[in-house]
Amino acid sequence: MEKKWKKNLWTIIGVLAGNLILAFTVSAFMVPHGIIMGGATGMGLTISHYFPIDLSLIIFIVNAILFVLGAVVLGKKFALTTIISTFVYPTFLSVVRQIPGVADMTDNIMLATIYGGALLGLGIGLIVRVGASTGGTDILALVFNKWFHIPVAALLYVVDFTVLGMQVFFSNSEQILYGILALILTTIVLNRVMLMGQSQIQLFIITELYDEVKEKMLKEIDAGVTMVHIETGYGKKQQQGVLCVIPKRKLYSVKELVQMVDPKAFITITQINEVRGRGFTLERRYGEES
């Protein structure tokens, strides 16, 4: 029960922090320079250009309509993961835009694009990483996916570029080009945030002296190992491979140890973005199998 409560708390914190970053980014970098955007904000910018209505109010109405559509089509579970972003983001946006000087952070459109794209990716990444949704036009993609069974990724691109296209008619060429650049930066940072974690190194060691390597890894390096049954390709000899995950700082020591035991050992080294479980996110229990 306590674990579930903590998880829900972190979800709420992640969603609030992500939406606050999004609201600040849009207010400080995107809107002041007229950089085109996708999502509900882009729809809001399009509508506010033709009608003298407050941007925050437009986004609130758009999000509310899409939220109801998503709740009806996708169900209650989806609604619970999007309700915070749906109503908190326009509220944060309204508050942040009232802060004196927030729209005057920089008069350099390139700098605004770089910071805007990076921070948008960070904000969205924080929300998605805790299992929630940013709502907005993402809901359209999910609804169309359920109705027409078209891949969500493809639909997201279609929806975003449609919203971007709506802004082409009242934006100059630089604002359009910078908007595309911001979208690319957002995607790159979003992917990095999604994969952000306790980065480690994974080694797979193939050697006939696998027992000796295993013992030295356990006792001298203090690293957990997993023995994998393998068969050599040419000789069809049954033996075991040593699989282990270690911090980057131990890589040199492990390579030296393996080379000392068997200079002919075959080693593959892979960087992995996140490791969870015993010995990493959970306390190691000595004497247990790794």
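Me: Where does E215 sit?
Reply: E215 is in helix α9. This is a predicted model.

Me: Buried or exposed, or in between, for E215?
Reply: In between. E215 is partly exposed, with a relative accessible area of 34%.

Me: How far is E215 from V225, C-alpha to C-alpha?
Reply: The distance is 9.4 Å. The two are ten residues apart along the chain.

Me: What comes after α9 (210-221)?
Reply: A loop, which runs between α9 and β2 (225-231). D222 is found in that loop.

Me: What about the backbone at D222?
Reply: Phi of D222 is positive, about 60°. D222 is not a glycine. Its relative accessible area is 34%, so D222 is partly exposed.

Me: Which residue in the loop between β2 and β3 has a positive phi?
Reply: K236 has one. Its phi is near 55°, and K236 is not a glycine either. The loop holding K236 joins β2 to β3 (238-246).

Me: Is K236 buried or exposed?
Reply: Exposed. The relative accessibility of K236 is 61%, and the exposed class begins over 50%.

Me: Step back. How many helices and strands are there?
Reply: Ten helices and four strands.

Me: In what order do they run?
Reply: From the N terminus, the order is α-α-α-α-α-α-α-α-β-α-β-β-α-β.

Me: What does the radius of gyration say?
Reply: It is 25 Å. The globule rule gives 19 Å for 290 residues. The value is well over that, so the chain is more spread out than a compact globule.

Me: What are the spans along the principal axes?
Reply: About 75 × 45 × 40 Å for the C-alpha trace.

Me: What share of the residues is buried?
Reply: 38% of the 290 residues.

Me: And the surface, what does it come to?
Reply: About 16800 Å² is accessible. Carbon and sulfur atoms hold 64% of that.

Me: How many charged side chains of each sign?
Reply: There are 24 positive and 20 negative side chains. The centres of the two sets are 7 Å apart.

Me: What share of the contacts comes from residues 24 or more positions apart?
Reply: They account for 74%, counting contacts with a separation of 6 or more.

Me: On to packing. Which residues touch the most other members in the largest nonpolar core?
Reply: Y89 and L93 do. That core has 31 residues.

Me: Which elements give two or more residues to this core?
Reply: α1 (2-30), α2 (39-50), α3 (55-74), α4 (76-96), α5 (109-129), α6 (138-148) and α8 (173-195). The largest share, seven residues, is from α1.

Me: What does L93 contact, sequence neighbours aside?
Reply: Leaving out neighbours within four places, L93 contacts A23, V26, S27, L55, S56 and I59.

Me: What other core lies apart from the largest one?
Reply: One of 18 residues. I205, V213, A223 and V242 are among them.

Me: Why would nonpolar side chains gather like that?
Reply: In soluble globular proteins, such side chains tend to be buried together.

Me: Switch to V143. Which helix is it in?
Reply: V143 is in α6. At 1% relative accessible area, V143 is buried.

Me: What packs against V143?
Reply: Beyond neighbours within four places, V143 is in contact with L69, G70, V73 and L74. L66 lies 9.8 Å from V143, C-alpha to C-alpha, and 77 residues away in sequence.

Me: And Q167, buried or exposed?
Reply: Buried, with a relative accessible area of 1%. Q167 belongs to helix α7 (residues 152-167).

Me: Which residues does Q167 contact outside its sequence neighbourhood?
Reply: I36, M37, G42, L45 and T46, with neighbours within four places left aside.

Me: Last one, M110. Where is it?
Reply: M110 is in helix α5. M110 counts as partly exposed, at 35% relative accessibility.

Me: What does M110 contact, and how far away is V258?
Reply: Past neighbours within four places, M110 contacts Y178 and L181. V258 is 49 Å from M110 by C-alpha atoms, and 148 residues away in sequence.

Terms used
Residues are numbered from 1 along each chain as its sequence is written. This is a predicted model: local features need pLDDT of at least 70, side-chain atom pairs count only at pLDDT 80 or more; totals for chains, interfaces and linings use all residues. Side-chain values use heavy atoms; hydrogens and water are left out. The radius of gyration is taken over C-alpha atoms; the globule rule is 2.2 Å times the number of residues to the power 0.38. Buried means under 20% relative accessible area, exposed over 50%, partly exposed in between (1.4 Å probe, protein chains only). Contact means heavy atoms within 4.5 Å. Accessible areas come from the Shrake-Rupley method with a 1.4 Å probe; for residues, only the protein chains shown count as cover. Lys and Arg count as positive and Asp and Glu as negative; His and the chain ends are not counted. The place of a charge is taken as NZ of Lys, CZ of Arg, CG of Asp or CD of Glu. A nonpolar core is a set of buried Ala, Val, Leu, Ile, Met, Phe, Trp, Tyr and Cys residues joined through side-chain atoms within 4.5 Å.
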